[in-house]
Each structure stands twice: as C-alpha cells, then as structure tokens.
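The following exercises concern the strands, the ligand site and selected side chains of one protein model. Each task is followed by a solution in steps.

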Amino acid sequence: MPCMPVIDSVAPDFTAPSTSLFMSPSLRALLNTLAPERRAALERRLSAQFDTLHDRLFRLYGHTHGFDAWLEQLLSQTLQLASQRTADLGQLDLNREENPDWHQAAMLGYCAYADKFAGSLRGVAQRIPHLHELGVTYLHLLPFLKAGTPPNDGGFAVASYEDIEPALGTGADLQDLTRQLRSAGISLCSDFVLNHVSHEHAWAKKALAGDPHYQAYFHWVHSPEQVSTWEQSLPQIFPQTAPGNFTYIPAQKAWTWTTFYPYQWDLNYANPAVFAEVAQALLKLSNQGVESFRLDSTAFLWKRIGTHCLNQPEVHWILQAIRSLMAIAAPGVLLKAEAIMPTRDLPPYFGLGETRGPECHLAYHASLMSASWVALAEQKVQIIQDVLANTPALPDGASWMSYVRCHDDIGWNVLRPELDLRGPDQRERLLKAAQFFAGESPGSYARGASFQSSPLSVHGTNGMASALVGLASAQTPMQQALAVDRLVLMYSLALFVGGLPLIYMGDELALGNVSPADMATRLGTDGRELHRPVFDESAFALRHDLSTPQGQVFAALCDLSRARREHPDLCAPGALTVLNLGHDTVLGVRRGQRSLGLFNFSAEPVSLNLHQALEASQAVTLTDVLHSEQPCPDTLVLPPYAARWLETSTEG
Ligand code: GLC
C-alpha cells in the first residue's frame with residue numbers, strides 16, 4: 001500500500017499567482033449554453049466570489065500538482081450544477097440575494113430524526129401541520145442519507161452522499177418533501193457529515209481494495225509510535241465506548257484516523273480531491289431543495305501534529321471556500337457550523353478569525369445551552385451571565401442557534417473557560433451539575449444519565465429535557481407543575497436569546513426518556529439513545545388539553561413562538577445586554593431597544609425593582625408580551641422558575 005502520510009500543511013505561499021482561470025474559454029463556453037438570465041446571475045456571482053475562492057483554495061492546495069487544472073474543473077462542475085437548479089430554486093436564490101437577512105426574521109427551528117418523528121421522509125411531509133402549529137420555519141432533519149450498517153452513530157456514518165437511506169425513502173421523496181416544506185414556508189436543513197464517512201462508503205471500500213487514489217482520501221499512520229505521538233495532544237470524543245483516535249486496519253497494516261467510532265473514517269482534507277467531492281455532494285443536495293446544511297464536526301477537519309487538531313486555520317479556509325461555492329451556485333442556502341466548542345473559539349466560524357470573510361451563517365451556542373442547565377442545577381445565574389458576557393457581537397447576516405436539548409449529550413466542558421476565569425476550583429461545578437442531572441445528588445429531581453464520564457472526569461449528560469427538569473420523578477401535582485415551569489423557563493430563555501432557536505423533537509410534548517425496554521432494543525451501546533424517542537401519538541393527542549403537562553408545555557411553546565412573530569424587537573439581531581438585578585437567581589437580559597427578558601432559575605419567588613435596575617430616570621412602563629399584562633416595574637414578582645418577556649418604554 002502506498003504510504004499516504006497525514007499531510008501537515010506545507011508552509012503555503014499566500015501570494016496567489018495571477019490566474020487566467022476566471023472566465024477561461026471553457027468556463028465561458030459553459031456559461032454560453034445557459035439562458036441569458038441564469039448566465040448573467042452566474043457571471044455576476046463568479047466575478048464577486050472568484051478572488052476569495054481562489055485565495056482560500058490556493059492557501060489549501062496551491063502547492064499541489066496541477067492546481068490550476070483542478071480549480072478549473074471544480075469551477076466547471078460548480079457552474080454545471082448551478083445551471084441544473086430548478087426555476088423555483090433559482091428564484092429563491094435571487095430573492096435571498098436581494099434580502100440576505102431573510103433568515104433573521106423570527107425564524108424558529110425544529111430538529112428531528114425523520115424515522116422517529118414520522119417514519120420516513122414522506123411521513124415528515126404529513127407532519128407539516130404540526131410544525132405549522134408551533135410556528136416552525138426551519139426543519140433540521142438529522143442524517144437521512146444512506147448510512148453504514150447499524151450501529152452507525154445515528155446515521156452519522158454516511159455510506160453515500162448521493163443516496164437516501166432506503167428505509168427513509170428515495171431521492172424523489174426528498175425533492176417532494178423540500179417542495180412541500182418550501183410552500184409551507186419551512187426551510188429544510190440537512191445534516192452534512194463533512195469530517196468522516198462510514199467504512200462502508202465506496203471510497204473506504206476502494207481504499208481497502210488497494211486503490212491508491214482512494215487511499216489518499218483518508219489518513220494513515222504506520223506505527224504504534226506514530227499513533228501515540230499523535231494521541232498525546234488529541235482529545236477523546238467517546239473515551240469510554242470508542243477510546244483513541246485511530247483504528248488498526250489489518251488489510252492495510254496501518255491505522256486510519258477515526259476521531260469518533262472506529263467505523264467512521266476521517267477524510268483527508270489535505271487532498272484536493274476530497275474537497276472537490278464534498279463540495280459537489282453539497283451542491284447536488286442543494287439542487288434537491290435542501291436550504292441549509294448543518295456542517296457536522298467542522299472543528300475536526302484539519303490535522304496538525306502537536307496540536308489538538310481542532311479549529312485549525314485550514315478549517316476556516318475550507319469553510320470559506322465552501323461558502324464561496326455556495327454563493328456562486330446556490331446563494332439561497334444557509335451554512336450552519338456544528339462546532340461544539342467554547343464560545344471563545346466560535347467567532348472564526350462566522351468568518352471573524354485570522355482570515356476574515358463570509359463563513360457560516362449560523363453556529364450552535366453550546367455554552368449557553370450547557371450554562372442554562374448548570375444554572376438550573378445551581379439555582380444561580382452567574383454562569384449564564386459569564387457566558388453572555390463572553391459572547392461576541394456577530395457580523396451582519398450571522399446568528400446564533402440557541403437550543404435546550406438536541407440528539408447529543410449536554411457537553412459540560414465547553415464551559416471550562418468561563419469557570420477557569422472564576423478560579424481554579426470552579427470546574428467542580430460541572431461534576432456537580434452532571435451528578436445532579438443523573439439524579440445522584442440529594443434532592444435532585446432529574447432523571448438523566450452521565451455520558452462518557454468517570455468519577456474524576458466529567459464529560460456529558462443524556463436525557464430528554466422533561467426527564468432532566470423533573471417530570472419523570474414528579475409525584476405530586478405541585479412537583480409536576482414545577483417541572484413544567486422549568487421546561488418552559490429553559491425554552492423561554494433559548495427563544496429569547498437566540499437568532500434561530502431550535503425545538504428538539506418531543507420537547508414540545510414533554511416527551512420523556514426512552515424506556516429501558518426500548519433502550520435494550522437499540523443497537524450499539526450509545527447512551528445518547530436515551531433521548532432519541534419515537535414521536536408519541538398519545539402525547540400529541542393531549543397537546544390541547546391544558547390539564548396535562550403535554551398540553552401546558554405545548555401551549556407555552558406556541559405562545560413563545562407567536563410572541564416572537566408578533567414582536568419583531570424580540571428577535572432583533574444585535575448584542576444582548578445582561579442587567580444587574582441584584583438577585584443571583586434571576587437573569588435579566590435586554591435585547592434591542594425595548595425588549596427585556598427575566599428568568600427566575602430558583603424555586604423561590606423573587607420581587608424585583610426594575611425601575612432601579614434599568615437606571616431609568618423617568619417612569620417605566622412594562623408590557624408583558626406573553627400574558628398581555630402591565631406589571632408594576634417597582635414590585636414585579638417572579639414566581640419560582642418563571643420567565644417574563646417584557647416590552648419597556650419610558651415616559652417623557
Ligand atoms: C456530531 C453529531 C454527533 C455525532 C458526531 C460524529 O457531533 O452531532 O451525533 O456522533 O458528530 O459524526
């Protein structure tokens with residue numbers, strides 16, 4: 001087998017030579033075959049994007065043999081795929097180019113596995129009325145492309161970027177679904193697993209069969225010593241169920257890089273062929289009507305010896321090049337970074353790193369999510385205040401994706417930077433929070449489970465939100481009511497602070513954990529299955545019954561969603577300001593000119609003097625936009641675990 005070393009970046013020469021590629025005769029000939037309007041749009045976009053695209057790709061691959069020919073081929077494929085976009089997608093692109101902030105207008109997301117939510121892609125289309133009722137405008141479906149034989153990490157081991165998982169449907173079903181969603185005002189977001197493929201993907205199979213072209217799509221390490229040299233600085237994602245970052249492949253007498261499970265082979269982005277394949281796959285899916293991509297595990301794309309191989313500069317060149325290609329071929333499409341990193345590492349994913357330029361439109365605010373859970377356990381809001389204080393303002397057209405739960409565990413370690421700033425002993429708070437949510441601390445109402453943690457090292461927590469807030473353990477109506485209030489509080493915060501907040505399937509119906517009997521039927525040993533339940537028709541049937549937790553949570557989420565739509569200030573892009581309310585259990589956040597969110601994370605009622613906190617010299621009028629009340633600013637009482645969304649105005 002040819003030795004394909006992990007390529008450390010050759011110190012690149014960033015001064016790209018002038019290129020004759022822009023509008024080369026073959027690209028010109030291709031454009032000339034198109035209808036005049038499409039041609040004009042593509043010429044305009046190519047000319048706007050060419051310099052950035054060339055620069056980022058030259059940084060990455062300028063030193064490789066035949067770079068110019070490779071780039072010309074990439075552009076030609078991109079223009080061909082652009083020319084195949086249907087008329088309605090072409091129109092969508094034009095509309096969104098005219099209104100690039102379209103996704104910042106009170107969008108609300110929903111995230112689900114297609115099979116668990118609705119059986120199949122066709123089933124998902126049947127659930128559009130449910131999404132409508134919630135006010136959802138963005139549907140993130142977890143991986144639905146053909147996956148490797150289970151266990152396959154919930155579909156995150158992709159066996160083909162071109163085919164749909166047969167149990168979920170066909171390419172035609174996907175196109176139908178995207179059309180139906182689009183006409184219902186809902187954008188479909190597809191997961192796109194960038195970092196790795198299943199060992200059953202054709203590329204991996206050909207590599208195993210000895211094809212050097214495909215062997216070069218992966219990373220190979222040839223000795224245990226090399227493995228341990230790399231491992232010294234690498235993190236462990238699944239330290240207990242899939243320790244280490246390399247898997248020995250006997251047929252190759254070498255180790256391949258497997259950051260996640262051994263059946264997920266990391267792609268070698270130092271190879272330009274990998275970039276081109278992935279870019280094409282993204283564009284093909286866009287042409288099926290996918291309007292947004294969740295770029296999975298983006299932080300891991302580039303490997304550099306001696307580093308933790310996370311967030312390397314090349315990752316951002318790759319993402320910026322992808323953004324440029326999208327801006328040429330499918331500018332209506334959004335890119336979302338799945339980089340579950342501390343907040344301080346996220347600005348580059350919005351293009352604010354060393355190499356500036358448009359990158360992702362969205363990124364998960366994982367620290368804010370984890371901090372909200374810590375605050376709930378501690379009944380103190382300091383950690384959320386610290387995270388918000390560390391949260392930078394974003395460039396125009398970029399937003400945070402806020403959430404309460406998702407299909408992954410709540411990862412605690414993203415909060416280390418905020419805690420370390422408070423002192424050397426503060427990380428213990430994460431261990432305590434994990435114990436609390438596993439129901440292991442005295443008085444804990446939570447029924448989650450620790451994930452990949454040991455007594456000495458905390459990692460994550462699994463469990464549906466409703467189990468974590470105490471619904472599963474509630475014995476009395478009072479305990480049940482408090483659990484509902486906690487769940488609504490968590491969503492009130494996520495929907496108040498987020499640019500694009502996300503509801504995790506089942507939370508709107510207070511769905512609980514997967515039962516032990518069902519867990520036993522799930523393949524593999526992944527504890528995250530605990531919070532991957534099947535949509536529950538009986539809970540759904542109760543959604544309008546306000547005497548049930550299902551009905552109470554559903555009504556509350558619908559109210560929050562409606563308030564966001566009716567009060568644009570509640571979603572205005574821009575920085576959030578934390579208010580000092582003089583109570584360590586209550587978070588006060590200002591957004592825009594007039595909106596104020598109050599969130600009581602404790603089991604005790606709190607009386608607030610907002611007049612003082614707002615430092616208002618004139619009288620302040622408050623309108624509670626959820627309850628249509630006008631509370632008194634000097635003596636506003638927040639019940640236990642209550643949230644208020646207020647509009648403020650001063651007289652005079
Ligand atoms: C992302 C997914 C997670 C998966 C991992 C590897 O983090 O959210 O579920 O295990 O990528 O693909």
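The model is predicted.

**Exercise 1. Determine whether the residues on the two faces of strand β3 are buried or exposed.**

Step 1. In a regular strand, side chains point alternately to one face of the sheet and to the other.

Step 2. On one side of β3 lie Ser187, Cys189, Asp191 and Val193, and on the other Leu188, Ser190 and Phe192; all of these are buried, and both faces are covered.

Step 3. Strand β3 spans residues 187–193, and seven of its seven residues are buried, so the strand is largely enclosed by the rest of the structure. The cut-off behind this result is a relative accessible area under 20%.

**Exercise 2. Identify the strands that pair with β3, and the sense of each pairing.**

Step 1. Strand β2 (residues 138–141) pairs with β3 in the parallel sense, over four bridges. Within this pairing, Leu139 is opposite Leu188.

Step 2. Strand β9 (residues 292–296) is also parallel to β3, with five bridges joining the two. Here Cys189 has Ser292 of β9 as its bridge partner.

Step 3. The connection of β2 to β3 can be described further: together with helix α8 (residues 171–183), the two strands make a right-handed β-α-β unit.

**Exercise 3. Characterise the environment of Arg182 and of Asn287.**

Step 1. Arg182 is located in helix α8. Its relative accessibility is 18%, so Arg182 counts as buried.

Step 2. The side chain of Arg182 forms a polar contact of 3.0 Å with the side chain of Asp88.

Step 3. Asn287 belongs to helix α12 (residues 272–287). With a relative accessible area of 15%, Asn287 is likewise buried.

Step 4. The polar partner of the Asn287 side chain is the side chain of Arg85, at 3.2 Å.

**Exercise 4. Describe the ligand site: which residues are closest, and how does the shell divide by residue class?**

Step 1. The ligand is surrounded by 13 residues, of which Asp153, Arg294, Asp296, His407 and Asp408 are the closest.

Step 2. By class, this shell consists of six charged, four polar and three nonpolar residues.

Step 3. Several side chains place a polar atom at a short listed distance from a ligand oxygen atom. For Asp296 the distance is 2.8 Å. For His196 the corresponding value is 2.9 Å. For Arg528, an N or O atom of the side chain is 3.0 Å from an oxygen atom of the ligand.

Step 4. On its own, the ligand has 310 Å² of accessible area, and the protein covers 95% of this.

**Exercise 5. Explain why strand β19 is described as largely enclosed, and name its pairing partners.**

Step 1. Strand β19 comprises residues 595–600; because six of its six residues are buried, the strand is largely enclosed by the rest of the structure.

Step 2. The burial applies to both faces: Ser595, Gly597 and Phe599 are buried on one side, and Leu596, Leu598 and Asn600 on the other.

Step 3. Strand β18 (residues 586–591) runs antiparallel to β19, and six bridges join the two. In this pairing, Arg590 has Leu596 of β19 as its bridge partner.

Step 4. The strands β18 and β19 form a hairpin with three residues between them, and Gly592 in the turn has a positive phi of about 65 degrees.

Step 5. Strand β23 (residues 643–650) also pairs with β19 in the antiparallel sense, over five bridges. Phe599 has Ala643 of β23 as its bridge partner.

**Exercise 6. Establish the strand order of the open sheet that contains β13, β14 and β15.**

Step 1. This open sheet has three strands in the order β13-β15-β14, with antiparallel pairing. The edge strands are β13 (410–411) and β14 (449–451), each of which pairs on one side only.

Step 2. Two bridges connect β13 with β15 (residues 460–462) in the antiparallel sense. Gly411 has Gly460 as its bridge partner in β15.

**Exercise 7. Locate Thr355 and decide whether Thr355 is buried or exposed.**

Step 1. Thr355 lies in the loop between β10 (334–337) and β11 (362–364).

Step 2. The relative accessibility of Thr355 is 13%, so this residue counts as buried.

Step 3. As a distance reference, the C-alpha atoms of Thr355 and Trp102 are separated by 26 Å, and these residues are 253 residues apart along the chain.

Definitions and conventions
Residues are numbered from 1 along each chain as its sequence is written. This is a predicted model: local features need pLDDT of at least 70, side-chain atom pairs count only at pLDDT 80 or more; totals for chains, interfaces and linings use all residues. Side-chain values use heavy atoms; hydrogens and water are left out. Two strands pair if DSSP finds at least two bridges between them. Buried means under 20% relative accessible area, exposed over 50%, partly exposed in between (1.4 Å probe, protein chains only). A crossover is right-handed if, with the strands pointing away from the viewer, the path from the first strand over the helix to the second runs clockwise. A residue is near a molecule or strand if one of its heavy atoms lies within 4 Å of it. A polar contact is a pair of N or O atoms within 3.5 Å; within protein, one must be able to donate a hydrogen and the other to accept it, and residues adjacent in sequence count only if both atoms are side-chain atoms. Accessible areas come from the Shrake-Rupley method with a 1.4 Å probe; for residues, only the protein chains shown count as cover. Ala, Val, Leu, Ile, Met, Phe, Trp, Tyr, Cys and Pro count as nonpolar, Asp, Glu, Lys and Arg as charged, and the others, Gly among them, as polar.
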